[in-house]
Amino acid sequence: MDDSSSVAVVGAGLAGLVAARHLAGAGADVTVFERRDDVGGRVRTRHRDGFTLDRGFQVLFTAYPAVRRELDLDALDLHSFSPGAVIARPGERSVLSDPLRDPFALTETLFNREVTTTDKLRTLALRQHVGSQTEAEIFDSPDAPIDEYLRDWGFSDDYIDNFVAPFYGGITLDRSLATSKRVFEYTFKAMSEGRVALPAEGMGAVPAQLAARAREAGATVRLNEAVAAVTPDDGRVTVESEARTGEYDAVVVATDPRTARRLTGVASIPTAARSAVTLSCATETPVDGKKIHLNVDGPRPNVVAPLSAVAPSYAPDDRHLLAATFLDGPDAPKPLDASDDDLFAATRDALDAWYPDRLFDDVEHLHTDRIEFAQFDQSPGVHDDLPDARDPAGAVYLAGDYTAWSSIQGAMRSGREAAEAVLDDAA
């Protein structure tokens, strides 16, 4: 693509920023339109009173190929969660970890009574199974719900209910485990091969780095400029924003799914959503270690993550930052409809029950993120019918995790694939 070719990218989330960088690096004149006042899309961070507050509970899987390819991980100053999790119930906590990556937790894991020895051996066999497959092989394989898949492997009810349901409920936002087993397999593979980490400056450092790289490649990023229409006609594409109307040789639509469907008319873009609510809470009383705490009793909250224990920069020296995430569940009201006071009380009650030897009277509610569209719904088989980057009419292309699978990996990969499609077609 030569310097005279112009490309508009609509949306400055992860997919749009990756697409912009690769297009600008190939010589295109790239303009990115973003309706918000900052880049990042669903991955954003705010800093307040010494606390680093991500939008919801988000983490970075360092084993994702697109993460390794698109980011300078050393520059992000990553801090890692300890492998495994704390299984928490009233009056009792136990550790279940990966003895291959967390040898210090070997004894606790071996003697954990929440799951059987057979379950632990099957977990090692499953790790070997998914480790031998690529992302493409996993997502091209026959599909089933996670729950059914694990029962076919022979895992016990206790293992599924006490570990997988809350842990993978936190990843898929579906504690019922009705989500595609492909998501389970690939995220299980990623956690076995890499770290689960937080950047020192928060998850917003990820899109900030992508934006810096896009600008260095020559892209222009226009903030606070929403796009109202994308219209292909006679080999060119008109983009109408609130501030201007312009023509481009190609346009990459990298917005949220519902906006992308409206702008492009591609009906196969998934718009059914998984939601979540995350409370950021501060306390002077620490919880144990750097592991996610899983609530065996239900989704109120589903998990509590000790963020500042993992990344000390997330809180002032004399405080601890916790993130409590709530999901929909059969025995709980929808968290989007619950009040902050109700969710905060449930968080404090859980901490008191898990740690009866400690007082959490000083817990303070800092912020609530109510995320109606956190992921698109990934029921079994959904990945077979997702749109392709070239599905829109004319020289319009799609970039978003909804062309791959709902994840940071899917978003970044889609941005590169959309840029490659633009460049291939131009050539």
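Is Leu 71 buried or exposed? In this predicted model, Leu 71 is buried, since its relative accessible area of 6% falls under the 20% cut-off. The close-ups below start there and then move around the chain.

**View 1. Leu 71 sits in the loop between helices α2 and α3.** The flanking helices cover residues 65-70 (α2) and 73-76 (α3). Leaving aside residues up to four places away in sequence, Leu 71 touches Leu 60, Leu 76, Val 206, Gln 209, Leu 210, Arg 213 and Met 412. For a sense of scale, Asp 384 is 313 residues from Leu 71 in sequence, and their C-alpha atoms are 28 Å apart.

**View 2. Five strands line up in parallel as an open sheet, in the order β10-β2-β1-β14-β20.** The edges go to β10 (220-222) and β20 (396-398); each has a single partner strand, so one side of each has no neighbour in the sheet. From one strand to the next, the twist averages 20°. Zoom in on β1 (residues 6-10) and β14 (residues 250-253) and you'll find 4 bridges between these parallel strands. Val 9 has Val 252 of β14 as its bridge partner. Helix α14 (residues 408-426) packs on this sheet, touching β1, β14 and β20, and its direction makes about 155° with that of β20.

**View 3. Domain 1 meets domain 2, with about 1,500 Å² buried between them.** Domain 1 is pieced together from 6-44, 204-270 and 386-426, while domain 2 takes in 50-62, 78-200 and 273-376. Their C-alpha centres lie 32 Å apart, and the contact draws on 17 residues from domain 1 and 18 residues from domain 2. Carbon and sulfur atoms give 60% of the buried area. There are 2 salt bridges between the domains. Glu 135 and Arg 413 also meet through their side chains in a salt bridge, at 2.7 Å from N to O.

**View 4. Strands β7 and β8 make a hairpin with 2 residues between them.** The two strands, residues 85-89 and 92-96, run antiparallel and are joined by 5 bridges. Arg 89 stands opposite Glu 92 in β8. In the turn, look for Gly 91, which has a positive phi of about 80°.

**View 5. Three strands pair antiparallel in a second open sheet, ordered β5-β9-β6.** Here β5 (60-61) and β6 (78-80) are at the edges with a single partner strand each, so one side of each is left without a neighbour in the sheet. Between β6 and β9 (residues 196-199) there are 3 bridges, and Ser 80 stands opposite Ala 197 in β9.

**View 6. Arg 236 has two acidic partners, Glu 247 and Asp 249.** The closest N-to-O distance is 3.6 Å for the salt bridge with Glu 247. That pair links strand β13, where Glu 247 lies, to strand β12, home of Arg 236, 11 residues away. For Asp 249 and Arg 236 the N-to-O distance is 2.7 Å. Asp 249 lies in the loop between β13 and β14, so this pair ties together parts 13 residues apart in sequence. Arg 236 is partly exposed at 30%, and Asp 249 is partly exposed at 29%.

**View 7. Glu 225 and Arg 244 pair up at 2.6 Å.** Glu 225 is in the loop between β10 and β11, and Arg 244 in the loop between β12 and β13, so their salt bridge ties together parts 19 residues apart in sequence. Glu 225 is buried at 5%, whereas Arg 244 is partly exposed at 33%.

Note on methods. Residues are numbered from 1 along each chain as its sequence is written. This is a predicted model: local features need pLDDT of at least 70, side-chain atom pairs count only at pLDDT 80 or more; totals for chains, interfaces and linings use all residues. Side-chain values use heavy atoms; hydrogens and water are left out. Two strands pair if DSSP finds at least two bridges between them. Axes are lines fitted to C-alpha atoms, for helices over the stretch in contact, and angles run from 0 to 180 degrees between N-to-C directions. Contact means heavy atoms within 4.5 Å. Buried means under 20% relative accessible area, exposed over 50%, partly exposed in between (1.4 Å probe, protein chains only). Domain bounds come from an automatic or database domain assignment. Buried area is the accessible area (1.4 Å probe) that two parts lose on being put together, summed over both. A salt bridge is a side-chain nitrogen of Lys or Arg within 4 Å of a carboxyl oxygen of Asp or Glu.
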